[in-house]
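Morning, everyone. I have one structure to go through today, and I will take the overall layout before the details. Have a look at it on the screen.

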Amino acid sequence: MKKMMIRSLVGLAALGIAAGASAQMKPEDMIKYRQSGYTFMSWNMGKIKAQVVDGTVPFDKAQVQAAANLIAAVANSGMGALYAPGTDEGKGWKETRLKPEFFQKMDEVKEVGGNFVKQANKLAEVAATGDEAAIKAQFGETGKACKACHEKFREEE
């Protein structure tokens with residue numbers, strides 16, 4: 001419980017810092033930073049998947065825990081501040097795929113984003129136990145939370 005409180009406070013502090021910093025950023029930089037964050041999370045999701053879902057890499061509790069902690073850290077980093085009006089068009093590292101309706105459905109965005117943060121935090125908690133079956137189940141829930149946002153607010157490639 002104490003750990004979750006600390007994570008929440010760190011997340012809120014990061015959001016405040018990110019909101020202030022994002023006010024000074026160009027839209028293409030905002031797009032670039034969020035693309036980088038999601039790429040980093042995807043890489044870490046892949047490490048967990050290889051170990052607890054696919055079994056193509058031997059299970060290593062420390063590696064899985066580190067990957068889950070990094071996913072939670074990025075989820076709690078305040079990346080929402082990188083979604084300013086005008087960032088649904090343009091290019092970061094590549095063309096953005098953010099749908100314009102993202103900015104018209106902010107209540108839904110908050111709900112979907114909040115669930116992702118919740119699931120990412122839970123993944124970090126479960127990874128700390130080393131229970132492969134529980135990690136696999138929570139990995140699935142975290143993946144569903146990612147997919148929910150993709151389906152609603154991201155254009156296909």
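First, the overall numbers. Contacts in the chain between residues at least 6 apart in sequence are, in 74% of cases, between residues at least 24 apart. Please keep in mind that this is a predicted model. The chain has five helices and zero strands, so read from the N terminus the order is α-α-α-α-α. Of the 157 residues, 34% are buried. The accessible surface is about 9,300 Å², and carbon and sulfur atoms account for 59% of that.

Now the interior. The largest nonpolar core has 23 residues, and the members that touch the most others are Ile48, Ala68, Ile71, Phe116, Leu123 and Ile135. Helices H2, H3, H4 and H5 each put at least two residues into this core. H3 gives the largest share, with seven residues. What does Phe116 contact, leaving aside neighbours within four places in sequence? The list is Met41, Ile71, Ala75, Thr142, Ala145 and Cys146. There is also a second, separate core of five residues, which includes Tyr83, Leu98, Val109 and Phe153.

Next, a loop residue. Thr87 sits between helix H3, residues 61-75, and helix H4, residues 106-127. Is Thr87 buried or exposed? Its relative accessible area is 0%, so Thr87 is buried. The Thr87 side chain comes to 2.6 Å from the backbone oxygen of Ala84. Not counting residues up to four places away in sequence, Thr87 touches Pro27, Met30, Ile31, Arg34, Leu82, Thr96, Leu98 and Phe103. One of those, Leu98, was named a moment ago as part of the second core.

Moving to the surface. Phe40, Trp43 and Leu70 make a nonpolar patch of about 290 Å². Phe40 lies in helix H2, residues 27-53. Why is Phe40 classed as partly exposed? Its relative accessible area is 33%, and the class runs from 20% to 50%, so Phe40 falls inside it.

Last, the charged pairs. How many salt bridges does a search of the whole structure find? The search finds six, and I will show three of them.

One joins Asp54 and Lys49 through their side chains, at 3.0 Å from N to O. Asp54 is partly exposed at 42% relative accessible area, and Lys49 is partly exposed at 35%.

Another pairs Glu141 with Lys144, with the closest N and O atoms 3.2 Å apart. Both residues are in helix H5, three residues apart, which is about one turn of the helix. Glu141 is partly exposed at 34% relative accessible area, while Lys144 counts as exposed at 54%.

The third is between Glu157 and Lys94, and here the closest N and O atoms are 3.9 Å apart. This pair links distant parts of the chain, since Glu157 is in the segment after H5 and Lys94 is in the loop between H3 and H4, 63 residues apart. Glu157 counts as exposed at 77% relative accessibility, and Lys94 as partly exposed at 43%. Through shared partners, salt bridges join Lys94, Arg97 and Glu157 into one network.

That is what I have. I can put any of these views back up.

How values were computed: Residues numbered from 1 in each chain as written. Predicted model: local features only at pLDDT ≥ 70, side-chain atom pairs only at ≥ 80, totals over all residues. Heavy atoms only, no water. Helix = DSSP H or I, 4+ residues; strand = E, 2+ residues; numbered from the N terminus. Buried < 20%, exposed > 50% of the residue type's maximum accessible area, 1.4 Å probe, protein only. Contact = heavy atoms within 4.5 Å. Areas by Shrake-Rupley, 256 points an atom, 1.4 Å probe, with all protein chains shown as cover. Polar contact = N/O pair within 3.5 Å; in protein donor to acceptor, adjacent residues only side chain to side chain. Patch = residues over 30% accessible without salt bridge, like charges linked within 9 Å, V, L, I, M, F, W, Y side chains within 5 Å. Salt bridge = Lys/Arg side-chain N within 4 Å of Asp/Glu carboxyl O. Core = buried A, V, L, I, M, F, W, Y, C linked by side-chain atoms within 4.5 Å.
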